[in-house]
Amino acid sequence: FIPSPLSAEDSSVREMTPQARHPYSTALALSLDVFPGGGHFYTGDYIEGGIFASAKVAGFAGSWYLFDSWQKQKRYVRDAKRTRDSLGLSDSDPISGPDGRRRSVSSYKRDCDRSAEFFTLSVLGNAALWTASWLRVWNRCEELNFRSIPAFEAGFDVRAAGTGRETYVYCGASFPLND
């Protein structure tokens, strides 16, 4: 039997001992990502967090602007219909509308429909952005938690060496380098 030349007090032995890092809670990270960039900041990905936070704030502001524009177009259609009905005209006859322009009621309807489409597309874009952010946070948590698991393999091997009279027993363990 040959004892190991390394003792437990050697620094090389202590450096090879697997150390468990603080695991990241995926549920907490996804919950924090409700706030723009929160999940990314929690996992330590500050650049990506800043990019997603900026995109989420800009997307919300854009959706709010498009929603307000759509509501204004709906008011224009409603006011144009009232004016048309009071004058006894058809939808295609031009009238002096609520925005001060001379247009038909059908053109006001087209503008309202276009505003509704833009708002719907902005909501879909925001949903895609938030989904991408959540998927990225989930993936980052899974990656960090996988690397924090202290894993090792222990092996035992008996080999005969020498002239047949000496038997050496080798024991070893291998530790994956996660960094």
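Which residues form a nonpolar patch on the surface? V34, F35 and W134 do, and together they have about 310 Å² of accessible area. The structure is a predicted model.

## The nonpolar patch

W134 belongs to helix α5, which covers residues 105-148. Its relative accessibility is 34%, so W134 counts as partly exposed. That value also fits the patch rule, because patch members need over 30% relative accessible area. V34 and F35 complete the patch with W134.

## A salt bridge across the chain

The whole structure holds 10 salt bridges. One of them pairs the side chains of D33 and K56, at 3.1 Å from N to O. This pair links distant parts of the chain, with the two positions 23 residues apart in numbering. D33 lies in the loop between α2 (26-32) and α3 (38-42), whereas K56 sits in helix α4.

Are D33 and K56 buried or exposed? Both D33 and K56 are buried. Side chains of opposite charge can pair when their charged atoms come close.

## The network around R103

R103 takes part in salt bridges with D99 and with D111. In the D99 pair, the N to O distance is 3.6 Å. In the D111 pair, the closest N and O atoms are 2.2 Å apart. Salt bridges with shared partners join D99, R101, R103, D111 and R114 into one network.

How do the accessibilities of these residues read? R103 has 11% relative accessibility and therefore counts as buried. D111 stands at 19%, so D111 is buried too; the cut-off for buried is under 20%. D99 has 25% relative accessibility, so D99 counts as partly exposed.

## P94 and its contacts

P94 is placed in the loop between α4 (46-87) and β1 (95-96). At 42% relative accessibility, P94 counts as partly exposed, because this class runs between the buried and exposed limits.

Which residues does P94 contact, leaving aside neighbours within four places in sequence? The partners are L89, R102, R103 and S104. R103 thus appears both in this contact list and in the salt bridge with D111. P94 and V105 are 11 residues apart in sequence, and their C-alpha atoms are 7.3 Å apart in space. Helix α5 spans residues 105-148.

Terms used
Residues are numbered from 1 along each chain as its sequence is written. This is a predicted model: local features need pLDDT of at least 70, side-chain atom pairs count only at pLDDT 80 or more; totals for chains, interfaces and linings use all residues. Side-chain values use heavy atoms; hydrogens and water are left out. Patches are made of residues with over 30% relative accessible area and no salt bridge: like charges are joined within 9 Å, nonpolar side chains (Val, Leu, Ile, Met, Phe, Trp, Tyr) within 5 Å. Accessible areas come from the Shrake-Rupley method with a 1.4 Å probe; for residues, only the protein chains shown count as cover. A salt bridge is a side-chain nitrogen of Lys or Arg within 4 Å of a carboxyl oxygen of Asp or Glu. Helices (H or I, at least four residues) and strands (E, at least two) are DSSP runs, numbered from the N terminus. Buried means under 20% relative accessible area, exposed over 50%, partly exposed in between (1.4 Å probe, protein chains only). Contact means heavy atoms within 4.5 Å.
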